[in-house]
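Here are a few short exercises to work through with the model open beside you. Try each task before reading its solution.

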Amino acid sequence: MKRHFSLLQLSRDHHPALIAAQICKRGSPAYLGLPTLPAEKLSYIRSFWKDELYEHFKIEEEILIPEIAGKNDELDKITSNVIEGT
Ligand SMILES: [Fe+2]
C-alpha cells in the first residue's frame, strides 16, 4: 500500500510492534534472537513500550487521530474506540 510520506515512520513502527505481539504468545517460536522465556519477554516488552511504542501511540493519539477526525466516516468509526477510551 502506498502511504503518504508523513505516515511512513508510523507505518514502519508497526512491523516491530507486530513481532513483539507475536513473541508474547505462549509457545511462540524463537525469532531473531528475541526472548523466549516469559520473564525475558516481559522485560523486552516493557523496554519496547518505553523506548518505542509509547511515543508511537502518543503521536497517533495526539496528532494523527485529531488531524483525520471528521474527514472520513470509516476512519471515524475506527478511531472512535481510541478517542472514547481516553
Ligand atoms: Fe500504530
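A residue is called buried when its relative accessible area is under 20%, exposed when over 50%, and partly exposed in between. Keep in mind that this is a predicted model.

**Exercise 1. Find how the rings of Tyr44 and Phe48 are arranged, and decide whether each residue is buried or partly exposed.**

Step 1: Ring centres must lie within 6.5 Å to pair, and planes under 30 degrees apart count as stacked. By this rule there are three aromatic pairs. In one of them, Tyr44 and Phe48 have centres 5.9 Å apart and planes at 10°, so the pair is stacked.

Step 2: Look at the backbone. Both residues belong to helix 2 (residues 38-68), where four residues, or about one helical turn, separate them.

Step 3: Check the accessibility. Phe48 has a relative accessible area of 5% and is therefore buried, whereas Tyr44, at 25%, is partly exposed.

**Exercise 2. Classify the ring pair of Trp49 and Phe57, then find which cluster and surface patch these residues belong to.**

Step 1: The two ring centres are 5.8 Å apart, with 35° between the planes. Stacked needs under 30 degrees and edge-to-face over 60, so this pair is tilted.

Step 2: Trp49 is partly exposed at 39% relative accessibility. Phe57, which lies in helix 2, is also partly exposed, with a value of 33%.

Step 3: Add Tyr54: together with Trp49 and Phe57 it makes up one aromatic cluster. These three residues also form a nonpolar patch on the surface, with a joint accessible area of about 300 Å².

**Exercise 3. Which protein atoms are donors of the iron ion, and what is the geometry of the site?**

Step 1: List the donors. His14 and His56 each provide NE2, and Glu60 appears twice through OE; these donors lie 2.0 to 2.8 Å from the iron ion.

Step 2: Place the donor residues in the sequence. Their spacing reads H-x41-H-x3-E. His56 and Glu60 sit in helix 2, four residues or about one turn of the helix apart.

Step 3: Judge their burial. His56, with a relative accessible area of 4%, is buried, and Glu60 counts as buried at 16%.

Step 4: Test the angles. Four donors count as tetrahedral if all angles lie between 85 and 135 degrees. Here the angles among the four donor atoms run from 51 to 161°, so the site of the iron ion is not tetrahedral but irregular.

Conventions
Residues numbered from 1 in each chain as written. Predicted model: local features only at pLDDT ≥ 70, side-chain atom pairs only at ≥ 80, totals over all residues. Heavy atoms only, no water. Phe/Tyr/Trp six-rings, centres within 6.5 Å; stacked < 30°, edge-to-face > 60°. Helix = DSSP H or I, 4+ residues; strand = E, 2+ residues; numbered from the N terminus. Buried < 20%, exposed > 50% of the residue type's maximum accessible area, 1.4 Å probe, protein only. Donors = N, O, S within 2.8 Å, 3.2 Å for Na, K, Ca; no water. Tetrahedral: all angles 85-135°; square planar, octahedral: opposite > 155°, others 65-115°. Patch = residues over 30% accessible without salt bridge, like charges linked within 9 Å, V, L, I, M, F, W, Y side chains within 5 Å. Areas by Shrake-Rupley, 256 points an atom, 1.4 Å probe, with all protein chains shown as cover. Salt bridge = Lys/Arg side-chain N within 4 Å of Asp/Glu carboxyl O.
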